[in-house]
Amino acid sequence: MYSFIAINARRPLGALFATGLLCAAAACGRTHTVTTADGKVSYQEKGKDAGTVTVTGKDGSTATLSYNQNKLPDDYPKDVPTYSPAKVVMSQSASEKNARNLMLESPDPLDKIVDFYKKGLDSNGWKTESTVTTGQLTMLTATKDHRGLSLQITDNGGKRGVVQILSDKN
């Protein structure tokens, strides 16, 4: 794991998401820091299913990823609709571009979930830029102010998956 982090320290967002997933899967210890010639990576477990990973470059710049399973973050933007009933499978946030990634699962039909997001985006001031439907997948992209939102809603047989990716546009 350490060589992977050192190699990818120049691409902090990718390294953060990958490291966060590795830590979640490997059940990282409470706090640990790895230092390389390119900087350091620190991760801290925050309970059974949550934690934070911080990458610090040798120039002092930092990028942080927080991850959480089974819970919508308290600071998740209120103007971004979140489907219910749905189980939160994973949530992540990264300091770079205020990126947020939310994965949900719901037993409701695909068309009901898609309709919820179309109406919810509109009523919260989002402008839907595109909607693409192919078989068992619907993708929506929307913008509001300086932010962009990408939604992917998939039909996986007995349940539907929803992925929400939110970040600053620039």
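## Leu-121 in helix α3

Leu-121 sits in helix α3, which covers residues 110-123. The model is predicted. Leu-121 is buried, because its relative accessible area is 0% and buried means under 20%.

Which residues does Leu-121 touch, leaving aside those up to four places away in sequence? They are Pro-81, Trp-126, Thr-128, Ala-142, Leu-149 and Leu-151. Thr-143 gives a sense of the fold around Leu-121. The two are 22 residues apart in sequence. In space, their C-alpha atoms are 9.3 Å apart.

## The nonpolar cores

The largest nonpolar core has 19 residues. Which of them touch the most other members? The answer is Tyr-117, Trp-126, Leu-149 and Ile-153. Several elements give two or more residues to this core: β6 (99-106), α3, β8 (137-144), β9 (147-155) and β10 (160-168). Helix α3 gives the most, with five residues.

Another core lies apart from this one. That core has seven residues, including Val-41, Val-53, Tyr-67 and Met-90.

## Tyr-117 and its contacts

Tyr-117 counts as buried, because its relative accessibility is 0%. Residues up to four places away in sequence are again left out of the contact list. Tyr-117 then touches Pro-81, Thr-82 and Tyr-83. Tyr-117 also touches Leu-104, Leu-140, Leu-151 and Ile-153. Val-162 and Gln-164 complete the list for Tyr-117.

Pro-81 appears among the contacts of Leu-121 and among those of Tyr-117. Leu-151 likewise touches Leu-121 and Tyr-117.

## Aromatic pairs

A pair of aromatic rings is described by the distance of the centres and the angle of the planes. The structure holds two aromatic pairs. One is formed by Tyr-83 and Phe-116. This pair is edge-to-face, at 5.1 Å centre to centre and with 80° between the planes.

What does the pair of Tyr-83 and Phe-116 tie together? Tyr-83 lies in the loop between β4 (62-68) and β5 (87-94), and Phe-116 lies in helix α3, so the pair ties together parts that are 33 residues apart in sequence. Is each partner buried or partly exposed? Tyr-83 is buried, with a relative accessible area of 5%. Phe-116 is partly exposed, with a relative accessible area of 29%.

Phe-116 also pairs with Tyr-117. Their pair is edge-to-face, with 5.1 Å from centre to centre and 80° between the planes. Tyr-83, Phe-116 and Tyr-117 form one aromatic cluster.

Key
Residues are numbered from 1 along each chain as its sequence is written. This is a predicted model: local features need pLDDT of at least 70, side-chain atom pairs count only at pLDDT 80 or more; totals for chains, interfaces and linings use all residues. Side-chain values use heavy atoms; hydrogens and water are left out. Helices (H or I, at least four residues) and strands (E, at least two) are DSSP runs, numbered from the N terminus. Buried means under 20% relative accessible area, exposed over 50%, partly exposed in between (1.4 Å probe, protein chains only). Contact means heavy atoms within 4.5 Å. A nonpolar core is a set of buried Ala, Val, Leu, Ile, Met, Phe, Trp, Tyr and Cys residues joined through side-chain atoms within 4.5 Å. Rings of Phe, Tyr and Trp (its six-membered ring) pair if their centres lie within 6.5 Å; planes under 30 degrees apart count as stacked, over 60 as edge-to-face and the rest as tilted.
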